[in-house]
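User: I'd like a close look at one part of this model, with whatever context helps. Take your time and walk me through it.

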Amino acid sequence: MSDNDDTTGARQEFDYVIVGGGSAGCVLAARLSEDPAVTVCLLEAGPADKSVLIHCPAGLAVLAKNGAANWAFQTVPQAGLNGRRGYQPRGKVLGGSSSVNAMIYLRGQPRDYDDWAAAGNPGWSWAEVLPWFKRAEHNERGADAYHGTGGPLNVKDLTTPHRFGGIFVDAAKEAGYTVNPDFNGASQEGVGLYQVTHKNGERHSVAKGYLTPNLARPNLTVVTSAHTNRILFEGLRASGVEARVGGAVRSFLARREVLLCAGALQSPQLLMLSGIGPGEHLRSLGIEVRVDLPGVGGNLHDHVDVVQVLDAPELKDLFGLSLAGIVNLVKGIFEWRKLRRGLLTTNFAEAGGFIRSRPEEERPDLQLHFVIGKLVDHGRKTVFGHGYSCHVCLLQPKSRGSVRLASADPKAAPLIDPNFLAERDDVERLVRGFKAMRRILEQPALAAHGARELAKSAGARSDAEIEAFIRGHADTIYHPVGTCRMGNGPMDVVDAELRVRGVQGLRVVDASIMPSIVSGNTNAPTVMIAEKAADMIKAAAKNPSSSTTETLTPALSRTREREEAAP
């Protein structure tokens, strides 16, 4: 059932209230509502995912720029980026960022998850999370030890791969890198073509895979254009949320649990607006502190990325603005509408790989995304002509930043500070990565086509010059994580069951719980987190006593004592 008006009254009650209809929220809504005896409400601030730009894979070129389905946040000025503000696009639509992203299906490296478990999070090692990855997936290549079939999320090879993806792979081979046909198989290392979340020539977002097939369930209510203001509490138990829907403020009450799935930037924002977070920061904004939880909004980190762009005016089959490009686009529109094939089935970043910045690295620390168009300013600037681009991003950054409130107004954007390139090691790895990327792009397989590196990067030859170019042009590749970190330390926000420390009936289920970022695109891991969380939530419902267990630091214990002593 879908509901986006205020005709149903100011208060409604459900077993579970889910805040955020992105990847994690869609998974939880689908899995929890499998039980017809359970009622579930999913709140999404954006609209339904009806736009053709969402369903047509190449529509992401437009979605990344406009605010129709995108929060389009900016960072605070970044000292490591010469004081520039970075761009932080996040999905504001059913499906969240899975409805506006490049659709690449990646899980990361086994060590990523083993490190989570070693940091005090039992149940999160690679061997333990792999079954949830497989359960979520329907891989059109078939099932094996690493892949599943029959899951809600369709994964496949590109329908109509562009010839230049293969040319990039050939160039990487010439540079000495191994071809890897499956980055989610036995080993991540190497170069190749990415698998994508497509089905029948269309984007297969998490909303499309999990939510859309189940909208008719009578126990599932989906409310769009619902901006959540705060979490409601009875003492220290989350009892629901307050949201603005269609100009009216409404309460959505939860008999069992409130589940925050608003993402790495807005889940901590909502916790802080509700009085859970760094006490001094909240008091400075006039917010009453419910739980002094200093880790909320900390540990923000992301894959910092820099792009090399090459101009190739003669290569008319590459994406670009020209008379030939417009003709190709019109042909592509007709082919996609009729056959769901052709140019518009691209995800642009069709090829790439995982490499080491130097031979002595224990594992790949860099990721490449090869793009069949000129991606100036990370795609935010419209440029004319044809060419191609390549990203290199740092997979395991050391720099850490924060999310803070700009004010106590729920409508105000949060203060986002990834603190990019604050750690010298990040800079040095990215410099090495830029040189490795350039060496691939200079190999004969690509050089034979006559493309020319744009002057802004072409003049950067020494390490110091490359560093200056990076600081002037690097930005995110859209993978913020970590701001509600999972763990058992004093700066951790949720435990291994994803329960918020110091309160009851409240979990965070999204990329914000990652203790450290995965080595690759973050959408598939977010789906896995939600699949695992759904099982934990169901288990807690069968054994209610387990869901009330809390781990309190001394500071939290004092907060509880003050709460209980209050008249």
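Is Cys261 buried or exposed, and what is its relative accessible area? Please go on from there to the other cysteines and then the helices.

Analyst: Keep in mind that this is a predicted model. Cys261 is buried, since its relative accessible area comes to just 6%. As for a bonding partner, the closest cysteine sulfur belongs to Cys26, and at 9.3 Å from the sulfur of Cys261 that is too far for a bond. A disulfide would need the two sulfur atoms within 2.5 Å.

Cys484 tells a similar story. Its relative accessible area is 0%, so Cys484 is buried. The closest cysteine sulfur to that of Cys484 sits in Cys261, and 11 Å is again too far for a bond. Searching the whole structure turns up zero disulfides.

Now for the helices. Helix H15 covers residues 523-542, and 15 of its 20 residues are buried, so you can think of H15 as mostly covered. Its length checks out too: at 1.5 Å a residue those 20 residues should span 28 Å, and the end C-alpha atoms are 29 Å apart, which agrees.

H15 has a packing partner in helix H1 (residues 23-32), with the axes 8 Å apart and at an angle of about 35 degrees. The crossing of H1 past H15 is right-handed. On the H1 side, the contact uses Ser23, Ala24, Val27, Leu28, Arg31 and Leu32. H15 brings in Asn523, Thr526, Val527, Ala530, Glu531, Ala533, Ala534, Ile537 and Lys538. Sort the residues of this contact by type and you get nine nonpolar, three polar and three charged. If the spacing along each helix catches your eye, recall that an α-helix has 3.6 residues a turn, so residues three or four places apart point the same way.

Helix H14 (residues 463-473) is another one to look at, with Ile466, Glu467, Phe469, Ile470 and Arg471 as its buried residues. The cover over those residues includes strand S16 (304-311), helix H11 (424-441) and helix H13 (455-458).

One last stop is His198, found in strand S8 (residues 198-199). His198 counts as buried because its relative accessibility is 0%. Leaving out residues up to four places away in sequence, His198 touches Pro57, Met103, Asn154, Val155, Lys156, Leu158, Arg203, His204 and Thr345.

Conventions
Residues numbered from 1 in each chain as written. Predicted model: local features only at pLDDT ≥ 70, side-chain atom pairs only at ≥ 80, totals over all residues. Heavy atoms only, no water. Buried < 20%, exposed > 50% of the residue type's maximum accessible area, 1.4 Å probe, protein only. Helix = DSSP H or I, 4+ residues; strand = E, 2+ residues; numbered from the N terminus. Contact = heavy atoms within 4.5 Å. Expected span 1.5 Å × (residues − 1). Axes fitted to C-alpha atoms, helices over the stretch in contact; angles between N-to-C directions. Left-handed = near helix turned anticlockwise from the far one by under 90°. Nonpolar A, V, L, I, M, F, W, Y, C, P; charged D, E, K, R; others polar.
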